[in-house]
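Thanks for making the time this morning. I would like to walk you through one structure, going from single residues to the way its helices pack, and I will take it slowly.

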Amino acid sequence: MPPISFDQLAVGYEFPSTSYELSKSVIGKYLEAVGGQKDFLTSGIVPPLAIATYAMTALSQSFSVPKGAIHAAQELEFLKSVPIGTTISCSGKVVQKVQRGQLYLLVLEINAVNQNKEKVLSGKATVAVPV
C-alpha cells in the first residue's frame, strides 16, 4: 500500500499493523548503528529502545514524511522483556494534529505486542513538521 500523505492524516487515523522479527542479525545491526554493547546479543534480550525504533520506523513508512520533519519528543513505557527472535506487531494512530505558528505537531500513539498478543510497548511520539 502506498504511503498516505501527511495532509491526509487526521486525528483518529489508524496506521496499518506491521509485524517484524527481532532476529539476532536485526538486533546486531541496531547495536552497530547506535554504538551499543554487544552484551545484549549474549543476554538474549532485545534492547528496549530497539523495539521503539522499529515500531516508529514502521509507522513512519506508512505516511509521507514531509521534508524538514523532526522527531521532537517521545513518551515510552516498556511493559515486558522481549527475547531475541520474537515477532512484534506494532500499531499506531494519530491522536493529535495541531498547527502552532509555522509548525504542525503530530502526536502518534504507538503500541507493540509480541506473538502471544501481550503488549510490550506503549507510548506516544511527537513529530514537528514545518507548514
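Before I start on the contacts, a definition: when I say that two residues are in contact, I mean that they have heavy atoms within 4.5 Å. Please also keep in mind throughout that what you see is a predicted model.

Let me begin with Gly-44, which you will find in the loop between helix 2, residues 39–43, and helix 3. If we set aside the neighbours within four places in sequence, Gly-44 is in contact with Val-82, Pro-83 and Ile-84. Taking the last of those, Gly-44 and Ile-84 are 40 residues apart in sequence, yet their C-alpha atoms lie 5.3 Å apart in space. Gly-44 has a relative accessibility of 24%, and because buried means under 20%, this glycine counts as partly exposed.

Moving along the chain, we come to Leu-49, which belongs to helix 3 and is partly exposed, with a relative accessible area of 46%. Not counting residues up to four places away in sequence, Leu-49 touches Tyr-30, Gln-74, Leu-76 and Phe-78. Leu-49 and Leu-121 are separated by 72 residues in sequence, and from C-alpha to C-alpha they are 9.9 Å apart.

That brings me to the helix packing. How do helix 1 and helix 3 pack, and at what angle? Helix 1, residues 24–34, packs with helix 3 at an angle of about 95°, and the two axes are 11 Å apart. An angle from 65 to 115 degrees counts as roughly perpendicular, so that is how helix 1 stands to helix 3. On the helix 1 side the residues that meet the partner are Val-26, Ile-27 and Tyr-30, and on the helix 3 side they are Leu-49, Ala-50, Thr-53 and Tyr-54. If we sort the residues of this contact by character, six are nonpolar, one is polar and none is charged.

Now to the aromatic rings, where a search of the whole structure finds four aromatic pairs. One of them joins Tyr-13 and Phe-15 in an edge-to-face arrangement, at 5.2 Å centre to centre and with 85° between the planes. Tyr-13 is partly exposed at 22% relative accessibility, whereas Phe-15 is buried, with a relative accessible area of 5%. Phe-15 also pairs with Phe-63, and here the ring centres are 5.8 Å apart and the planes meet at 40°, so this pair is tilted. Phe-15 lies in strand 1, residues 14–21, while Phe-63 is in the loop between helix 3, residues 48–60, and strand 2, residues 70–78, so the pair ties together parts that are 48 residues apart in sequence. Phe-63, at 5% relative accessibility, is likewise buried. Taken together, ring pairs link Tyr-13, Phe-15 and Phe-63 into a cluster.

Two lysines deserve a word before I finish. The charged end of Lys-97 sits over the ring of Phe-6, at 4.3 Å from the centre, and Lys-97 also lies over the face of Tyr-104, 5.6 Å from that ring centre. The other lysine is Lys-117, placed in the loop between strand 4, residues 103–113, and strand 5, residues 119–130. Its phi is near 65°, a positive value in a residue other than glycine, and at 65% relative accessibility Lys-117 counts as exposed.

Definitions and conventions: Residues are numbered from 1 along each chain as its sequence is written. This is a predicted model: local features need pLDDT of at least 70, side-chain atom pairs count only at pLDDT 80 or more; totals for chains, interfaces and linings use all residues. Side-chain values use heavy atoms; hydrogens and water are left out. Rings of Phe, Tyr and Trp (its six-membered ring) pair if their centres lie within 6.5 Å; planes under 30 degrees apart count as stacked, over 60 as edge-to-face and the rest as tilted. Buried means under 20% relative accessible area, exposed over 50%, partly exposed in between (1.4 Å probe, protein chains only). Helices (H or I, at least four residues) and strands (E, at least two) are DSSP runs, numbered from the N terminus. A charge sits over a ring if NZ of Lys or CZ of Arg is within 6 Å of the ring centre and within 35 degrees of the ring normal. Axes are lines fitted to C-alpha atoms, for helices over the stretch in contact, and angles run from 0 to 180 degrees between N-to-C directions. Angles under 35 degrees count as roughly parallel, over 145 as roughly antiparallel, 65 to 115 as roughly perpendicular and the rest as oblique. Ala, Val, Leu, Ile, Met, Phe, Trp, Tyr, Cys and Pro count as nonpolar, Asp, Glu, Lys and Arg as charged, and the others, Gly among them, as polar.
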